[in-house]
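This report describes selected structural features of a single model. The sequence and coordinates are shown first, and the discussion follows.

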Amino acid sequence: MSHIQESQGWSFPLRLRDLLETFNGDPRDVDLFHADYDEESATMVDLSLNDFTEEGLKEFKIVLDTKVVRVEAMGGNWISVYVDGVDYSQIESLALSHAGYCLCEDYDRWFTMNQSDQKN
């Protein structure tokens, strides 16, 4: 495990949305931690900013605009991201919805069809 903030040239804090944009649409496996509760994470597999529809960007705006305070490389495309300024319940809601644990009609409104096809 290594801190990657210096090697990527990011200036912290930055928003989660900005971090995801730096990956140019390449999905990452993300363990998203609240900075104050780092013993519990919300895991999202193959997360990319391209996964979200316009409505999804609005629905999860609070989480996507939250402040990233630290990023750690875990190997391969897997990273741990520590955020602050959002309730853990909102982080968990995004992770569960991204994994498909929401109403089908909500999933289809919030996430792109390509991402939906990858999950099924």
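Is Arg17 buried or exposed? Arg17 is buried, since its relative accessible area is 14% and the cut-off for burial is under 20%. The model discussed here is a predicted one.

## A salt-bridge network around Asp65

Salt bridges that share partners join Arg15, Arg17, Asp18, Lys61 and Asp65 into one network. The structure holds 7 salt bridges, and three that involve Asp65 are described here. With Arg17, Asp65 forms a salt bridge whose closest N and O atoms are 2.9 Å apart. This pair links distant parts of the chain, as Arg17 belongs to helix H2 (residues 16-21) and Asp65 to the loop between H4 and E5, 48 residues apart.

A salt bridge also connects Asp65 to Arg15, with 3.1 Å between the closest N and O atoms. Here, too, distant parts of the chain are linked: Arg15 is in strand E2 (residues 14-15), 50 residues from Asp65 in the loop between helix H4 (61-64) and E5. The side chain of Lys61 meets that of Asp65 at 2.4 Å, N to O.

The accessibility of these residues varies in class. Asp65 counts as partly exposed at 22% relative accessibility, and Arg15 is likewise classed as partly exposed at 33%. Lys61 is partly exposed as well, with a relative accessible area of 44%, whereas Arg17 is buried.

## Strand E6 and its partners

Strand E6 (residues 78-84) has 5 of its 7 residues buried, so it is largely enclosed by the rest of the structure. Strand E3 (residues 28-34) pairs with E6 in the parallel sense over 6 bridges. His34 has Val83 in E6 as its bridge partner.

Strand E5 (residues 67-75) runs antiparallel to E6, and 7 bridges join the two. The bridge partner of Val71 in E6 is Val81. E5 and E6 form a hairpin with 2 residues between them. Gly76, in the turn, has a positive phi of about 60 degrees.

## Ser97 and the aromatic cluster

Ser97 lies in helix H5 (residues 88-98). With a relative accessible area of 5%, Ser97 is buried. A polar atom of its side chain lies 2.9 Å from the backbone oxygen of Ser93. Leaving aside residues up to four places away in sequence, Ser97 touches Phe60, Cys102, Tyr107, Trp110 and Phe111.

Ring pairs link Phe52, Phe60, Tyr107, Trp110 and Phe111 into a cluster. The count of aromatic pairs comes to 6. One of these is the tilted pair of Tyr107 and Phe111, at 4.9 Å centre to centre with 40 degrees between the planes. Tyr107 and Phe111 are both buried.

## Charges over rings

Two arginine side chains are placed over aromatic rings. The charged end of Arg70 sits over the ring of Tyr82, 3.8 Å from the ring centre. For Arg28, the charged end sits over the ring of Phe23, at 4.1 Å from the centre of that ring.

Key: Residues are numbered from 1 along each chain as its sequence is written. This is a predicted model: local features need pLDDT of at least 70, side-chain atom pairs count only at pLDDT 80 or more; totals for chains, interfaces and linings use all residues. Side-chain values use heavy atoms; hydrogens and water are left out. Helices (H or I, at least four residues) and strands (E, at least two) are DSSP runs, numbered from the N terminus. Buried means under 20% relative accessible area, exposed over 50%, partly exposed in between (1.4 Å probe, protein chains only). A polar contact is a pair of N or O atoms within 3.5 Å; within protein, one must be able to donate a hydrogen and the other to accept it, and residues adjacent in sequence count only if both atoms are side-chain atoms. Contact means heavy atoms within 4.5 Å. Two strands pair if DSSP finds at least two bridges between them. A salt bridge is a side-chain nitrogen of Lys or Arg within 4 Å of a carboxyl oxygen of Asp or Glu. Rings of Phe, Tyr and Trp (its six-membered ring) pair if their centres lie within 6.5 Å; planes under 30 degrees apart count as stacked, over 60 as edge-to-face and the rest as tilted. A charge sits over a ring if NZ of Lys or CZ of Arg is within 6 Å of the ring centre and within 35 degrees of the ring normal.
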